[in-house]
Number of protein chains: 2
Amino acid sequence: MVSAPLASVRSGAPAKERLRLWIRILRASRLIEAVLRERLKTRFDTTLPRFDVLSALDRAPEGMAMSDISRFLLVSNGNVTGIVERLVTDGLASRTKRDGDRRTSIIKLTPAGKEAFAAMAEAHERWVDELLGSLPEDEARALAGTLKTFESNWEGGV
Amino acid sequence: MVSAPLASVRSGAPAKERLRLWIRILRASRLIEAVLRERLKTRFDTTLPRFDVLSALDRAPEGMAMSDISRFLLVSNGNVTGIVERLVTDGLASRTKRDGDRRTSIIKLTPAGKEAFAAMAEAHERWVDELLGSLPEDEARALAGTLKTFESNWEGGV
DNA sequence: GTATGAAATTTTAAGGTTGAAATATATCCG
DNA sequence: CGGATATATTTCAACCTTAAAATTTCATAC
């Protein structure tokens with residue numbers, strides 16, 4: 001035995017503290033998600049996963065491969081298959097083959113998809129602003145900064 | 001027309017700022033959840049929702065009604081039905097009727113359930129500590145405080 | 001060119017999730 | 001008492017989600 005576990009050495013009781021933080025992050029995101037989901041349903045008759053995919057596609061006018069979408073949204077490949085399928089059926093997205101690689105589909109928003117997303121995005125932004133309205137501007141910025149650093153560290157570390 | 005929209009008056013461009021924050025919260029929680037889910041599966045052959053229910057039950061030695069569980073975990077009633085069903089099948093939870101009200105079931109951990117949860121909780125706490133390890137202690141505390149306030153405001157407002 | 005392995009995607013099975021409808025029980029009030 | 005209303009829960013259909021297996025296509029090395 002060379003030393004106590006690192007975690008115990010770092011400081012008082014960090015594990016408990018971080019666990020509490022994690023629970024708070026989880027609850028906050030679930031509270032917000034629940035409201036957004038419900039509003040997307042009642043006002044636009046759509047779902048959060050569909051909105052997420054539209055949102056990803058909207059930032060990529062040149063289109064995205066299926067795997068780009070799943071990587072960006074942090075969901076599995078098979079998951080995206082079904083959602084895109086329904087978006088295509090509904091006329092909001094299109095899929096074409098990429099020249100030179102018949103494995104890859106390129107998914108794009110259709111004009112109808114762009115239009116539908118624009119309306120949703122506008123409402124979505126208002127809702128989020130409302131739901132997070134109790135956070136003072138500076139705290140929001142600080143929080144975002146901390147989480148950004150966290151996410152950056154993720155790629156390298158974990 | 002009396003005034004510009006409140007959001008625009010409060011300060012520069014708060015909506016965008018809060019939207020960014022929301023996206024970061026969402027991504028952070030998805031990143032962490034993905035790891036926890038994968039580890040619960042490989043090391044304990046269970047799922048995050050099951051773990052969540054066990055965790056809720058563990059804090060309530062006297063047992064919980066189905067609706068207590070769903071309210072606490074922020075999920076729907078019907079959802080809990082299925083998860084508890086499987087926990088009971090696996091011998092980790094028990095359901096009994098409450099005297100005087102035959103609508104209500106009281107769900108409790110069995111001894112096997114307590115034991116299984118204890119092992120998982122210990123690992124879970126270590127994992128979270130590891131995954132959030134890149135956050136300095138003071139930032140973690142600040143973040144938790146902000147989120148706590150946010151959650152408190154929730155009940156009153158929104 | 002042809003085997004071999006890598007890459008992109010879909011399929012499949014199991015389970016999670018919701019909102020709404022259905023069921024069962026309790027309570028309240030005239 | 002008996003009907004109306006409220007509460008606790010389950011059922012249902014549709015969709016989301018994952019991990020793993022299967023499929024298709026590509027790239028590389030003989």
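How many helices and strands are there in chain A? Select chain A and display the cartoon: seven helices and three strands appear. Here helices (H or I, at least four residues) and strands (E, at least two) are DSSP runs, numbered from the N terminus.

Before proceeding, please note that this is a predicted model, in which local features need pLDDT of at least 70 and side-chain atom pairs count only at pLDDT 80 or more, while totals for chains, interfaces and linings use all residues. Residues are numbered from 1 along each chain as its sequence is written, chains are lettered from A and ligands numbered from 1 in the order in which they are written, and side-chain values use heavy atoms, with hydrogens and water left out.

**Chain A**

Follow chain A from its N terminus; its elements run α-α-α-β-α-α-β-β-α-α. Then show its surface, which exposes about 8,800 Å² (Shrake-Rupley method, 1.4 Å probe). Carbon and sulfur atoms supply 53% of that exposed area. Of the 158 residues in the chain, 43% count as buried (under 20% relative accessible area, 1.4 Å probe, protein chains only).

**Chain B against chain A**

Next, select chain B together with chain A. In this pairing, 50 residues of chain B are in contact (heavy atoms within 4.5 Å) with 50 residues of chain A. The two chains bury about 5,900 Å² between them, with 64% of it on carbon and sulfur atoms. Buried area is the accessible area (1.4 Å probe) that two parts lose on being put together, summed over both. Highlight B:R18, B:W22 and B:R24: they supply 12% of the area that chain B buries against chain A, more than any other three residues.

**DNA strand C**

Now select DNA strand C and the 25 residues around it (a heavy atom within 4 Å). A:S67, A:R95, B:S76, B:R86 and B:R102 come nearest. Sugar and phosphate account for 78% of the atoms of the strand that come within 4 Å of the protein.

Zoom in on individual phosphate oxygens of DNA strand C. One is 2.6 Å from an N or O atom in the side chain of A:S67, and a polar backbone atom of A:M66 is 3.4 Å from a phosphate oxygen. On chain B, a polar side-chain atom of B:R50 lies 3.0 Å from a phosphate oxygen.

Finally, color the surface near DNA strand C by element. Two or more residues each come from α4 (66–73), α5 (77–89) and β3 (101–109) of chain A, and from α3 (48–58), α5 (77–89) and β3 (101–109) of chain B. Of these, α5(B) gives the most, with four residues.

Methods. Buried < 20%, exposed > 50% of the residue type's maximum accessible area, 1.4 Å probe, protein only. Polar contact = N/O pair within 3.5 Å; in protein donor to acceptor, adjacent residues only side chain to side chain.
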